[in-house]
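This report describes a structure made available below. It goes from single residues to whole chains and then to the place where the chains touch.

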Amino acid sequence: MFGLSEQILAVLVLVFSYIILFSEKLNRAVTVLIGASVLIFSGILSQETAIMAIDFNTLALLIGMMVIVGIAEKSGMFQYLAVACVKLVRASPRGLMIMLAIITAVLSALLDNVTTVLLIVPMTFQITRNLKLAPYPYLILEIFASNIGGTATLIGDPPNILIGSALRLSFLDFINELAPVAIICLVLLIFAFDFFYGRNLNSKIEDRKALLTISPKDMITDQRLLYQSLFVLLLVLTGFVVAEYLNIQNGTIALFGAALMLWLYSKNDEHMVRDQKVEDAFSLVDWTTIFFFAGLFAIVFALETTGVLEILGRGLINLTENSIDKATLSMLWISAIVSTFIDNIPFVATMIPTLKSMEVSMGGREAMMPVWWALALGSCFGGNGSLIAASANVIVAGLASKENERISFAKFLILGLPVMLISIIIATIYLYLRHFV
Amino acid sequence: MIVVICYVILFSEKVNRAVTTLMAAMFMILSGVLTQNEAFASIDFNTICLLVGMMVIVSITERSGLFQFVAVWSAQKVKANPVGLMVVLSLVTAVFSAFLDNVTTVLLIVPVTFQITRRLHISSYPYLILEIFASNIGGTATLIGDPPNILIGSALRLSFLDFLYELTPIVLAVVAVLILAFVLIWKNDLKTDERNRAAVMRMNASAHIIDKTLLYKSLFVLGFVIVGFMLAEDIGIANGVIALFGAAILLALYAIKEEPYNRDEKTEEMFNLVDWTTIFFFMGLFMVVFGLEKTGVLEMIGQKFLELTKGSVQRATFMILGISAFVSSAIDNIPFVATMIPTLKSMEASLGGREAMMPVWWALSLGACFGGNGSLIGASANVIVAGLAIREGHPIKFLGFLLWSIPVMIVSVLMAGAYLYLRFFAF
């Protein structure tokens, strides 16, 4: 086509798509869909290979979890949790900072980060307004906690979902490998924030008393739905844990949970209302993200088939001189730096086939594992590096500006960059101690 | 077992249909009948892409007001004469349903019909039921007009032109007969006076155009996609990609001048307008039917059916036409067609290969689509019109509708039988 070799054309389409993606001139789902279509029209991909390239396990997992979380949210259970924690620390500003960070981290490990901050940030504003405190340190800490917490599990962050699905890693593999370092980073982070902000925060006793009059029970909007969502959430999480032994993939479990949730959610309604509720619940899925993933898989696959990624992989192998520890270290830092400035999803999606092509030269799948964990840690922790590094950051900034609390790019960088660097240093030490000593 | 329970729940309508098929599919995976990879591989993503793409394109186009404009404009072209109105409204319905899905078509046409008949002080009843019939028949004409056609076209890799060539003639004939019959039966009951007609003529057709730039953009993309469908065969690109590409282009054009935040909001909103229940219903159904196929049940049915037809394609054609019309008038035709496709495919070798089997496939399409006219629950468009009519205070009764619909279905199926006979077996 146009006298170009397939390799060059595929690279052109990809570079062009990535430029549009990062310049944000078009919606990201639209960009990758057009990019993928161009690849099909030019004959590099056929419709069948493009569809084969899509990792449906990832999509099923994302769609399933989005439906489950979207419905569970309506029961008020997450707000219940937040208010219960306020009670636990008797509304002390210092205790609240710790509790909010922990809840954010735990929720992000189980839900996606954007949903977590969408739930936590409005609660935070309510609490700080009542206690007449500056919300700024709380918000920043929540951003960091959500990115770090998301690193801990298979379903916490899109890079983990991608890596887990591509390598067929289990839920427990992630907890086993990544949760320890995520917990260490979180603890250090909370200590640091407590030292710089928390211990200096004070609030009047009567404000604290007023806040304590809110009962967690009032947050529950639908008791029955609460039990139903808890049941399905537990079932799905158990499913993830035992999935490995049953030889069932996570996509099936999440989708089954979603179908069950939808059924429970709508079963006592009239026919018309039932269908309406189901349709509404499907609209809670973030379809832009789903199509973004689908298109991205196709584009990356084109790069793979044309051999571009293999060239990239060979370059990396030369750079690391075939040594796993060098590869791990460079992967960790490269992905952290890259993810600080651009969206980590396209980066990880491109790296996966690249790393896979290196497997043989690096001594097989098992030997390569530290490099994969480095990719996960680097790209997730990198999300703390700047205000645009992760979608959760952008969302918090957006919510804050609605409340007249501006989080500026530069101001965030002052805290974000050190947090990112320290967490990556910790990750470096952790990976070194765990895999190379 | 799973499939039987699933179909029973589906037809009893106790649970949302997407939820039913998804659960059944997941049970199949959990019980080990299918693996997740097999299940996902069994989904016909060409159909899914085609549906999603067209739904996005149509929902954006709808926002421009194009369809309402055409309806009012054509009513004025016949000077708001009640009989002429009957002709143009049913023609517009048939043409729209050939290119949009039937539910969208009636959702667009029925409110306009109420507006016009109210001004003319005439009963909306004959118009509404005629529109139901026209939408089901019109949808039969093209690859994208009706879900059974999308399924068949995608499974057999038939082109847009194949459908136009094979099915449009018979559809035109049936629509013509239908309109003629309705005009003859109703012409004496539909009387209005000059003043009422003038009221319709005063309606401002262009006022329905909400967004002129969007109108041009959508017309451009729609035209582009339809041309793409026609050329698809020659350039070796499947329809799903064309529809999805069209959708992406229209989404880009639709939101191009907005701020990043609004742009993403608008795009997400359009994705939400896709009828996801239908999409997941299809995906679940594909997996369930594949599970059936894998266990060999469908092949058994196929064998039984072969014995009945004694290996004659002609017999098979007429049996399929009759059975599918009968079944589709009572139950949803989508699960029926989805089950029949692998069944018929398993018979291909015994009946003399793909080419020889083609009349049977066309019979399946015609039967399943025309069968939708058989009762008020025969197709989703019927249910929607009945729902809209109740809201306007002119309910369409199940039995009253049957009085019209059974003859319409029988006549159209007989015509289809004659057509298939003349076309494939007479000479």
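## Burial of single residues

A residue counts as buried if 20 or more other C-beta atoms lie within 10 Å of its own, as exposed if 12 or fewer do, and as partly exposed in between. The model is a predicted one.

A:K356 has 18 other C-beta atoms within 10 Å, so A:K356 is partly exposed. A:K356 sits in helix α19 of chain A, which covers residues 344-358. The C-alpha atoms of A:K356 and A:G313 are 8.5 Å apart, although 43 residues separate the two along the chain.

B:L66 falls on the other side of the cut-off: B:L66 is buried because 20 other C-beta atoms lie within 10 Å, and a count of 20 or more is what burial requires. B:L66 belongs to helix α5 (residues 66-77) of chain B. Apart from neighbours within four places in sequence, B:L66 is in contact with B:T61, B:L215 and B:S218. From B:L66 to B:A205 the C-alpha separation is 10.0 Å, with their positions 139 residues apart along the chain.

## Two loop residues with positive phi

Which loop of chain A holds A:R90? A:R90 is in the loop between α5 (77-88) and α6 (93-110) of chain A. A:R90 is not a glycine, yet its phi is positive, at about 50 degrees. A:R90 counts as exposed because it has 12 C-beta neighbours inside 10 Å.

A:N404 is also not a glycine and has a positive phi, of about 65 degrees. A:N404 is placed in the loop between α21 (391-402) and α22 (409-436) of chain A. With 6 C-beta neighbours inside 10 Å, A:N404 is therefore counted as exposed.

## Chain A as a whole

Chain A contains 22 helices and zero strands. The C-alpha trace of chain A spans about 75 × 55 × 45 Å along its principal axes. The radius of gyration of chain A is 22 Å, which agrees with the value near 22 Å for a compact globule of 437 residues.

Of the 437 residues of chain A, 52% are counted as buried. Among the contacts in chain A between residues at least 6 apart in sequence, 81% join residues at least 24 apart.

## A helix pair and the nonpolar core

Two packed helices are described by the angle between their axes and by the distance between those axes. In chain A, the axes of helix α1 (residues 6-23) and helix α16 (residues 287-305) come within 9 Å and cross at roughly 145 degrees. The crossing of α1(A) and α16(A) is left-handed. On α1(A) the contact is made by A:A10, A:V13, A:L14 and A:S17, and on α16(A) by A:I299, A:A302 and A:L303. Six residues of this contact are nonpolar, one is polar and none is charged.

A:I299 appears again in the largest nonpolar core, which has 293 residues: A:A298 and A:I299 touch the most other members. Leaving out neighbours within four places in sequence, A:A298 is in contact with A:A36, A:L39, A:L45, A:A50, A:A53 and A:I54.

## Chain B as a whole

Chain B has 21 helices and zero strands. Its radius of gyration is 22 Å, close to the 22 Å that the globule rule gives for 427 residues, so chain B is as compact as a globular protein of that length. The C-alpha trace of chain B spans about 65 × 55 × 45 Å along its principal axes.

Of the 427 residues of chain B, 52% are buried. Of the contacts in chain B with a separation of 6 or more, 80% come from residues 24 or more positions apart.

## Where the chains touch

How many residues of chain B are in contact with chain A? On the chain B side there are 35 residues, in contact with 36 residues of chain A. The elements of chain B that give two or more residues to this side are α2 (17-30), α3 (36-42), α4 (45-63), α13 (239-254), α14 (260-273) and α15 (276-294). The largest share of the chain B side, eight residues, comes from α13(B). By type, the residues on the side of chain B that touches chain A are 24 nonpolar, seven polar and four charged.

Methods. Residues numbered from 1 in each chain as written. Chains lettered and ligands numbered in written order. Predicted model: local features only at pLDDT ≥ 70, side-chain atom pairs only at ≥ 80, totals over all residues. Core = buried A, V, L, I, M, F, W, Y, C linked by C-beta atoms within 7 Å. Contact = placed C-beta atoms within 7 Å. Axes fitted to C-alpha atoms, helices over the stretch in contact; angles between N-to-C directions. Helix = DSSP H or I, 4+ residues; strand = E, 2+ residues; numbered from the N terminus. Left-handed = near helix turned anticlockwise from the far one by under 90°. Nonpolar A, V, L, I, M, F, W, Y, C, P; charged D, E, K, R; others polar. Rg over C-alpha atoms; globule rule 2.2 N^0.38 Å.
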